[in-house]
Every structure is written in structure tokens, then in C-alpha cells.
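Grab a viewer and work through these exercises with the coordinates loaded. Each task comes with a solution that you can follow step by step.

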Amino acid sequence: MPAINLSKALDQSHASRIFDLAEIPLRELNRALHNLTARSNETAWEVLNPKGSHSVAVGVDQPVTIDVRGSVGYYCGGMNDGSAITVHGSAGPGVGENMMSGSITVKGDASQYAGATGRGGLLVIEGNASSRCGISMKGIDIVVHGNIGHMSAFMAQSGNLVVLGDAGDALGDSIYEARLFVRGKVESLGADCIAKEMRPEHLDLLQGLLDRAGVTGVKAAEFKRYGSARTLYNFNIDNADAY
Amino acid sequence: MCGIVGLFLKDKSLEPQLGSMLSEMLISLSDRGPDSAGIAIYGSPSGNEAKITIQSAKPEHDFRNLDAELARAIGTPVNIAVKSTHAVVRTTPDKIDEVRETIQALRPEIRIMGAGDVVEIYKEVGLPEAVVNRFDVRSMTGTHGIGHTRMATESAVTTMGAHPFSTGADQCLVHNGSLSNHNNVRRELIREGMKFETENDTEVAAAYLSSQMAHGKNLGQALEGTLSDLDGFFTFVVGTKNGFGVVRDPIACKPAVMAETDQYVAFGSEYRALAKLPGIDNATVWEPEPATVYFWEH
């Protein structure tokens, strides 16, 4: 009966495709994700037993959802271009490195250089991020519910880094045009990074980021804005001490 | 790269499993360093006994009749348990220096891996799994231990260049990173009377800690000193007779993750090393802060 077949097909399209990494090698998961096309109807994926595996769901370029049940190692969701990844655990170094678009949410903590060099998309860390968060970011938006470590947003070029907690030493060292919003205290600012006035357009931008990251009960007005003093854009011998 | 692990048991019921737990932790990090691997196990104290772990490239030759020759030379029986290229020499604590000197006189080719009341150290060129199997590490029991799998950067791939390095009784250290002022620090320590077996930077860090503790500092204070006196990249994991410590340099490039439960404190270069520990899902898991000393003692 055609009607029954159709309803069965619809059911299958809504079910998650489950990969248990205790049973199936990581490369098969990533190959299956890379084989997705705009016409694929497998839009929900679930990854079990990551147990700190590296490179889980890197390079996905289709708008699917991927739920990773556990903690991951290096580079989870690296180069992500459109998928919505949720890590139900913590992430090792380089989560979302060079993300292009889409979103990654880490329910736990993130290790070093979360969102490094990211060009777009939204990275949400619901716990703390450690050192070098957003290093060399180039357009990504990063929202950290907890604290971030030292040397975060080093040489950050564009995009927004929002921190609900505190920031470690040398925040925004040698920063270009990225915007940094910190609600707690900043241990120290890096070379050429300064506190800046929070104008209405910044409050609107920040409120939009908080909304997109699902942050409630926190007002944009509670944050301070930091950015570039723009004195290190071109090499000037008189600034040599600042580098 | 390099991979390092450490496990400090709080729950005595886990002691029979120390060797197998630490072995699995180290094997899980094999792809961080394929050159050589090593492990130090702190066994349960067994009263009036001290141990020296020795190593030989020609064990059939060097270990043959060594127990009888040692007993004749020092006048008391000596027990030797051979494990592949290594052997553990057991004697009484008051005889340990004499036994050590006698071994070196009788068999100049033998290398001393470490000595103390409880520590045994096994290290060789090869992957962690091969090293663990060669020395039957899984069957070993104890209170705490540390391990290392090496990707060599500072000195040759040899047994003596493998970690852990031991430079004092029951003291040893594993290192991920590289030191840049080790030649200077080595010269200063040699002037103090410390002896070195290799050109390796990590041996200098181990000797630095031994020297600090010989001057009366505790493990925590000695580790604090590395932050001002050693230059370079480092995550150190250190064992003493009853203690276990961790410190990272202020830049903290080298990865580190720790887990603590009521049963243990564990260290791994990556979470993979901790993922199979009992109760890990409910453990406190955190990344140790840069330039911050962590240590535990029994």
C-alpha cells in the first residue's frame, strides 16, 4: 500500500542516525557526514561513546544536527560549515577551529584555543574555556558562560567574543577589529587592547548574541567592551616595546 | 608531542589494579609518542626492604650470577628478579648505596633506572603496549604511578633517554615539553654534586627537584621553584615515595587534564587517557591552571 510506505519513509527520515564509536571507527562517521548532500534526508545524527576521540564531526558542510553524547578530544567540529553540533560533555583543544558557519554548543568545558581562526557561525561554551579562546578569530561569534583563560582573542581580527565570567591575563593582545564583551573581571589586557565605550549599537549586538546563545537572566548592560586601540596596525619602531 | 599519565590511588581496594589501570591509560596515548615508553610504579611498602631497578642491553650476560657475586661482595644475601632487560635488586635500606656501587663496579654496562624503598621503573624503546607487555606492568600493584610515551625532540631515542627520570630515592618525573635553559641548570647542579646519566633536558628537571627536596623543601615547594628556575615548555608529573604532583609552565601549551574521585586522582595529557577509569562520568574533571602547583600526599 503506497500510503503505508510513505509514512514509513517519513518516520525513517525523522529518526536519528546513530553512530556508536565503541563499535564503529571514527573515520566511518566522518565519511558518512562528508557524503551528505543538500538532498540527503538524514538530518539528525547522534554519536555515542566518543571517549575523547579526536576530530569528531570535522568538516561537515550540510545543515544537519549532530548530538555527541560524551566528551571529545582535539578539533571537534573543526571547519564546520552549517551543521549544528552539540557536545554533551567537555571538549579538548581546538573545538570549532576554523568554523565557517553553523553552530557548536559544548555543554561542559572547553580546552585551549576554542574557536581558533573561526570565520563564522556561533560557538557556545556552557562551562569554562581555557587559554587562547578565540585566538586569531576572523568572524566567528563565541559565547562562554563561564571564564576564559590567558591570551584569549590574541590577534583577533573580527567577530565577537562574549564572556559571562572572568578573563585571564593578556586579553586581546595585538587585537584587530574583533569585539570583546566581558561581564566579570579581566586579569590584564594585552598589548593594544583597551576598554571601550558601550554604545547603543553594541548593546543591541550583544543582546542579540546572548539571545542566540540561549543566555537568560543576564543583561547586556552588565558587560564591558574591549577592543583595539589601533596603535599596532602598522609597524612603528617607537612601538617596539609593546610587541 | 609526548603523552604523560599519572594515577594516585586514595582507595586501597584499587591497589591490585594500579598496574593495569596505568597501562591502559598510557596505551590510550600511544599516538602521542611512538619512540619509547616508560612507567614508574610505587609498590606498597614492605618493611625493611629497598629496591634498585637496573637495566642492561645484554641482560643474559650482565644479570647472570649477579646475585651471588653481589652477596659475596657485600656479605649478605641479595634478591634479584629479572624482567626482560630490567631487574629489581632487593636488599635492606642500609645496604642500598653499597649494593649500587658494587653493581656498577661488577657490571659497568648496567644502568641504574632508579632506587628507593618502593619505586620500580621500567622504560624501553618501543610503543607503550610493547613496553607494558615486556615488563608485565599490568600485574603490578601499588599506591601510585606515572608513565610516559615519548616523541623525542631534545636527545636521542635510547632507553636512557626515555622517561621517567629518577634522580633521587623514590623520586621520578615525566615531562611533556622541552626546556631551553637545561644546560645552565645542569652545570649548576653538577657543581652541587648531582650526577647525570644523559644530555636530556628532562633529567635536569628531575635533578632540580631532587636537589630542592634535598635542601628541605617539600614536593609542592620544589615544584613551585620550577616556575622561576626552569625556562621552556613543560607539563611535569612527579612521584615521590608518598606523593604525586603536577605543574604546568605559565604559557601552558602542553595539554593536561585531571580527574578526581573519592578513589583516585588521575592525570592525562588528554581525556582519552582518563575515559575508561572507574566512575569517570561522575568525577571532577578539570584542566590544571598554568603556573599552578597541584600535589597530593598519602
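Before starting, one definition: two strands pair if DSSP finds at least two bridges between them. Also keep in mind that this is a predicted model.

**Exercise 1. Work out the order of the strands in the open sheet of chain A, and find its edges.**

Solution.
- Step 1: Go from strand to strand. The sheet has 11 strands, in the order β1-β2-β3-β4-β5-β6-β7-β8-β9-β11-β10 (chain A), and the pairing is mixed.
- Step 2: Look at the two ends. β1 (17–20) and β10 (193–196) of chain A are the edge strands, each pairing on one side only.
- Step 3: Check the twist. Ignoring direction, neighbouring strands of this sheet are turned by 15° against each other on average.
- Step 4: Zoom in on the β1 end. Four bridges join β1(A) to β2(A) (residues 44–48), in the parallel sense. Here D20(A) sits opposite L48(A).

**Exercise 2. Describe the surroundings of β9(A): how does it pair with β8(A) and β11(A), and what about its faces?**

Solution.
- Step 1: Take the β8 side. β8(A) and β9(A) run parallel and share four bridges, with N160(A) opposite R179(A).
- Step 2: Take the β11 side. This pairing is antiparallel, over three bridges between β9(A) and β11(A). V182(A) faces K224(A) across it.
- Step 3: Now the faces. R179(A) and F181(A) point to one side, L180(A) and V182(A) to the other, and all of them are buried, so both faces of β9(A) are covered.
- Step 4: Add the helix. α3 (residues 200–212) of chain A lies across β6, β7, β8, β9 and β11 of chain A, at about 70° to β8(A).

**Exercise 3. Count the residues in contact between chain A and chain B, and sort the chain A side by class.**

Solution.
- Step 1: Count. 11 residues of chain A are in contact with nine residues of chain B.
- Step 2: Sort. The chain A side divides into one nonpolar, nine polar and one charged residue.

**Exercise 4. Why do β4 and β6 of chain B each have one side without a neighbour in the sheet?**

Solution.
- Step 1: Write down the order. Four strands make an open sheet, β4-β5-β3-β6 (chain B), with antiparallel pairing.
- Step 2: Read off the ends. β4 (79–83) and β6 (111–116) of chain B stand at the edges with a single partner strand each, so one side of each lacks a neighbour in the sheet.
- Step 3: Get the twist, which averages 20° from one strand to the next.
- Step 4: Inspect a pair. β3 (residues 50–55) and β5 (residues 86–91) of chain B run antiparallel over six bridges, and A50(B) has T91(B) as its bridge partner.
- Step 5: Place the helix. α4 (residues 96–106) of chain B lies across β3, β5 and β6 of chain B, at about 15° to β3(B).

**Exercise 5. Split chain B into its domains and describe the contact between them.**

Solution.
- Step 1: The domain assignment gives domain 1 (3–45 + 140–297) and domain 2 (46–117) of chain B.
- Step 2: Their C-alpha centres lie 25 Å apart.
- Step 3: Domain 1 of chain B puts 11 residues into the contact and domain 2 of chain B eight residues.
- Step 4: On the domain 1 side, the classes are five nonpolar, three polar and three charged residues.

**Exercise 6. Is L18(B) buried or exposed?**

Solution.
- Step 1: Locate L18(B) in helix α1 (residues 18–27) of chain B.
- Step 2: Count neighbours. L18(B) has 25 other C-beta atoms within 10 Å, and the cut-off is 20 or more, so L18(B) is buried.
- Step 3: See what L18(B) touches: among them are L7(B), I41(B), M140(B) and G142(B).
- Step 4: Check the separation in sequence. L18(B) and G142(B) are 124 residues apart along the chain, with 5.8 Å between their C-alpha atoms.

Key: Residues are numbered from 1 along each chain as its sequence is written. Chains are lettered from A and ligands numbered from 1 in the order in which they are written. This is a predicted model: local features need pLDDT of at least 70, side-chain atom pairs count only at pLDDT 80 or more; totals for chains, interfaces and linings use all residues. Helices (H or I, at least four residues) and strands (E, at least two) are DSSP runs, numbered from the N terminus. Axes are lines fitted to C-alpha atoms, for helices over the stretch in contact, and angles run from 0 to 180 degrees between N-to-C directions. Two residues are in contact if their C-beta atoms, placed from the backbone, lie within 7 Å. A residue is buried if 20 or more other C-beta atoms lie within 10 Å of its own, exposed if 12 or fewer, and partly exposed in between; C-beta atoms are placed from the backbone. Ala, Val, Leu, Ile, Met, Phe, Trp, Tyr, Cys and Pro count as nonpolar, Asp, Glu, Lys and Arg as charged, and the others, Gly among them, as polar. Domain bounds come from an automatic or database domain assignment. Lists of a residue's contacts leave out its neighbours within four places in sequence.
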